Amino acid sequence: MNNNIPSTPGKFKMDKPPYIHRFRWHYSSLAKLTFWSVVFLGLIVVFFFKSPSTSPPSPNSDLSRRSLKTTSWGGPAWEKRVRSSARIRSPNGLSVLVTGAAGFVGTHVAAALKRRGDGVLGLDNFNDYYDPSLKRARQALLERSGVYIVEGDINDVALLNKLFEVNPFTHVMHLAAQAGVRYAMENPNSYVHSNIAGFVTLLEICKNANPQPAVIWASSSSVYGLNTKVPFSEKDRTDQPASLYAATKKAGEEIAHTYNHIYGLSLTGLRFFTVYGPWGRPDMAYFFFTRDILKGRSIPIFEAANHGTVARDFTYIDDIVKGCLGALDTAEKSTGSGGKKKGDAQLRVFNLGNTSPVPVSELVSILERLLKVKAKRKVMKLPRNGDVPFTHANISFARREFGYKPTTDLQTGLKKFVRWYVGYYGSGKKGDH
Ligand SMILES: NC(=O)c1ccc[n+]([C@@H]2O[C@H](COP(=O)([O-])OP(=O)(O)OC[C@H]3O[C@@H](n4cnc5c(N)ncnc54)[C@H](O)[C@@H]3O)[C@@H](O)[C@H]2O)c1
């Protein structure tokens with residue numbers, strides 16, 4: 001991970017080197033310098049305006065080195081590929097733009113949509129928040145099932161406009177985000193860039209599209225923050241986020257309300273509860289516990305105040321995928337067109353959890369049994385870095401609206417995860433991730 005990137009766009013200032021004052025400039029040197037500067041600037045201008053398939057430079061140029069990198073796009077062959085991937089192949093199928101398609105949830109959702117005959121186009125910037133080779137492997141997996149992932153950033157207006165011009169998406173499944181609670185203390189601006197600025201950019205494009213797509217997007221159980229009423233219901237307060245990540249997801253919910261209210265966009269937010277499974281995220285506890293147990297490293301087991309148990313409502317990826325598809329299938333059409341609202345549109349928020357919180361120590365015991373290795377447990381106090389001690393979803397709303405009913409318990413789901421993990425990384429002794 002590149003930690004040398006200045007965290008605030010445009011704030012990075014170089015100090016003037018002291019030796020600069022020692023130079024005495026002659027007039028001719030100055031004229032030469034001016035001449036070559038003009039030539040150099042001219043070349044830069046020509047370079048940017050001559051290349052139609054390169055998106056314009058972003059205002060977030062510090063982030064661009066890491067995540068706004070845009071590979072070339074455009075041209076007839078590229079458009080053909082986009083169209084083919086997004087083409088609906090079943091009666092009453094949808095045409096879905098899946099952002100974050102090279103991510104954990106995005107890959108599973110895109111594959112499931114493709115399997116049932118929907119048109120699917122992926123979009124992902126392949127950033128290096130965690131090992132990009134895992135994202136590339138997911139990309140290869142989707143490629144084999146006919147899903148093309150365009151490499152680009154959700155802040156790239158020209159690219160998004162082009163995608164909607166090439167294909168009229170009926171739905172957007174927006175899963176691209178800067179995830180992770182703890183990393184927000186290290187790189188706060190990446191959360192603003194993807195979860196706030198990127199979301200607004202995407203909604204701007206969607207509200208201008210004709211027809212407007214219905215948008216289904218990933219919020220998070222983290223919006224419940226310091227809420228103590230359990231199980232968490234969609235009606236509970238969400239105004240006490242415990243991390244910047246949670247705050248950006250909460251902001252997303254308010255932003256969604258605005259676009260629904262002003263432009264008639266149909267918007268559905270999904271609050272996922274600790275999703276796990278094959279092709280998962282290496283920054284999540286179940287994943288790096290598996291790696292560290294296999295490598296004989298100690299693993300931190302957090303406990304809440306007064307030796308309280310830390311527990312999570314772990315939700316298996318297949319159950320989350322069913323929830324995403326249920327939300328897509330019950331999403332009503334947006335009512336606006338070309339940026340103008342024509343009537344009230346649907347606005348929903350659902351919990352997608354498992355309704356069965358499990359202590360993290362129990363998660364470790366299951367992993368020990370599956371891996372046949374004893375973990376080196378290091379019990380520690382839960383640090384105040386954004387994690388909450390407990391999550392527990394009330395899922396009755398999703399059950400009522402689209403029959404959401406999780407069916408995989410933690411033991412069964414982890415077994416599938418471990419099988420995948422060992423198949424992908426070997427028995428864990430080699431390599432790191
Ligand atoms: N996995 C969970 O337990 C969980 C829980 C709650 C909410 N969520 C949310 O669900 C969604 C999917 O999560 P995930 O676990 O698959 O995470 P992930 O990190 O595996 O996937 C997100 C993908 O989005 C891409 N991305 C990030 N910023 C982007 C940008 N600006 N432009 C284009 N692509 C960008 C990343 O490269 C990544 O591939 C996220 O919105 C996340 O916040 C996940």
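The axes of helices α4 (104-115) and α10 (residues 317-330) come within 10 Å and cross at roughly 60°, where axes are lines fitted to C-alpha atoms, for helices over the stretch in contact, and angles run from 0 to 180 degrees between N-to-C directions. That angle makes α4 oblique to α10, because angles under 35 degrees count as roughly parallel, over 145 as roughly antiparallel, 65 to 115 as roughly perpendicular and the rest as oblique. The contact (C-beta atoms, placed from the backbone, within 7 Å) joins V105, H108, V109 and A112 of α4 to I317, I320, V321, C324 and L325 of α10. Its residues divide into eight nonpolar, one polar and no charged.

This is a predicted model, in which local features need pLDDT of at least 70 and side-chain atom pairs count only at pLDDT 80 or more, while totals for chains, interfaces and linings use all residues. Residues are numbered from 1 along each chain as its sequence is written.

Helix α4 also takes part in the ligand's surroundings, giving three residues, the largest share of the shell. In total, 28 residues surround the ligand, the closest being G100, G103, F104, A177 and A218, with nearness requiring a C-beta atom, placed from the backbone, within 6 Å. Both α4 and α7 (188-208) supply at least two residues of this shell.

Elsewhere, three strands form an open sheet of mixed pairing in the order β9-β8-β14, two strands being paired if DSSP finds at least two bridges between them. Strands β9 (308-309) and β14 (376-381) are the edges, each pairing on one side only. Strand β8 (residues 298-304) runs parallel to β14 over six bridges, and S298 has K376 in β14 as its bridge partner.

How values were computed:
Helices (H or I, at least four residues) and strands (E, at least two) are DSSP runs, numbered from the N terminus. Two residues are in contact if their C-beta atoms, placed from the backbone, lie within 7 Å. Ala, Val, Leu, Ile, Met, Phe, Trp, Tyr, Cys and Pro count as nonpolar, Asp, Glu, Lys and Arg as charged, and the others, Gly among them, as polar.
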